[in-house]
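These are my notebook entries on one structure. I looked up its internal cavity, one helix and the confidence of the model.

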Amino acid sequence: MSEPLKQPQPLKPSKPSKPSKPRYSLGEQLQHEWRLILVATQFLTRLPVPQFSHYNPQWLHQSSRHFPAVGLLVGLLCASVFWLASILFTPLIAAVMSTVFGIKLTGAFHEDGLADSCDGLGGGLTRERTLEIMKDSRLGTYGVLGLVSALLLKVSLLAAMPLSVAIVALIIGHTASRLFCISLLTLLPYGGEIEHAKAKPMAQQLTPLQGLYSSGWLILAIMLVTLIFPKTMQQIGLGQWSLTLVSALVATDYMRRLLRRRLDGYTGDGLGATQQLSEIAIYVGLAASIPFI
C-alpha cells in the first residue's frame, strides 16, 4: 500500500536582506576621506577643488565631519594675512584685513547665516514666520545690527591681542568654532522644511561617533600652534584656556536652546550663527587672558 502524498507546505516569505555596506581597504578609506575633505572645502569656501566624477549627494552629509579641517585651513590662511599685515600696519588694520580676507575666502557663508538668523529669530513670532523670514534674501534691521556687531567684536578683540596670541586665536577659533557648529548636528534634529533646504543632505543628524571623529582636527590644530608658539601657549595658561572653552560652550549651548525652542531643531542659517558666536566667544576668552600674560 503506497503512502499518501504529503501536501507541500507553503513557503514562508523571506525577509528582505539589508544591503551590506561596502567594505573599503585602508587605502580606499583614506582616499574617500580625502574626497570628503575636498567636498567640505568646496561647500564652505571659494577655494577651487578638482571636479568629482560620479558625485554622490551623500558625500556632503559625510563631509560635515571634516568641517573643522576646513576651519583649520581658513584659520591658517587668515593668520598668515594677519601676520603679514602686522609687519606693515597697525594691529587694528591687520585685524581688519584678516577679517575681510576670511569673508572673501568663505564667501561670507557663515556671516550670511548669522544675519538671516538675527532677522528670523528677531522678527518672527511663530516658527513658520521665522523660517519664512530666514529664506528671504533681503536683509533687515536685526540682520544688519547682528552682522555689524559681530564684525566689530572680531576686529576689536583681535587688535587687542599680542601678535602671537592673535595668530593662535585665529587658528584655534576657526577650527573649534566649526566643531561647535556641527555639534548641533548630533544634538538637534533638523528644524527647517526639508523640501526647501538649500543643501538637503545636510538635513540629517550626525552620530555621536562622527562628532567625536571631528574633534581630531581640533587636537591637530592645538598640536600645531603648540609646535609653532610653545611659549605663547604656556603663557596663556590653563585658566585662560578654561575661560575660552567655557565661553565657547556657553555660546553654543545658547544657540542650541534657542533653536530648539524656536524652530524645534537646527537649520543651515542657525549653524552659521553658531559658528560665528562661538568664534567670537573664543576671541573673548583669549582677549580676556591678556592681563594675566
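**Cavity**

I find that helix 4 gives the largest share of the lining of the largest cavity, five residues. I take helices as DSSP runs (H or I, at least four residues), numbered from the N terminus. This is a predicted model, in which local features need pLDDT of at least 70, side-chain atom pairs count only at pLDDT 80 or more, and totals for chains, interfaces and linings use all residues. Residues are numbered from 1 along each chain as its sequence is written, and side-chain values use heavy atoms, with hydrogens and water left out.

I searched the whole structure and obtained one cavity of 30 Å³ or more, with a volume of about 130 Å³. A cavity is a set of points on a 1 Å grid over the protein atoms alone where a 1.4 Å probe fits but cannot get out; lining residues have an atom within 4 Å of a point. The volume is the space filled by probe spheres set on the points, which are joined across faces, edges and corners.

I list 18 lining residues; Gly-102, Glu-111, Lys-154, His-174 and Glu-279 lie nearest the centre.

**Helix 6**

I note Thr-130, Leu-131, Ile-133 and Met-134 as the buried residues (under 20% relative accessible area, 1.4 Å probe, protein chains only) of helix 6 (residues 127-135). They lie on the same side of helix 6, because they cover an arc of only 160° around the axis, taken from the directions from the helix axis to the C-beta atoms.

**Confidence**

I record an average pLDDT (the predictor's confidence in each residue, from 0 to 100) of 87 for the chain, with 86% of the residues scoring at least 70.

Technical notes
Buried < 20%, exposed > 50% of the residue type's maximum accessible area, 1.4 Å probe, protein only. Helix = DSSP H or I, 4+ residues; strand = E, 2+ residues; numbered from the N terminus. 1 Å grid on protein atoms, 1.4 Å probe; cavity = no way out; pocket = protein on both sides within 12 Å on 5 of 7 lines; lining within 4 Å.
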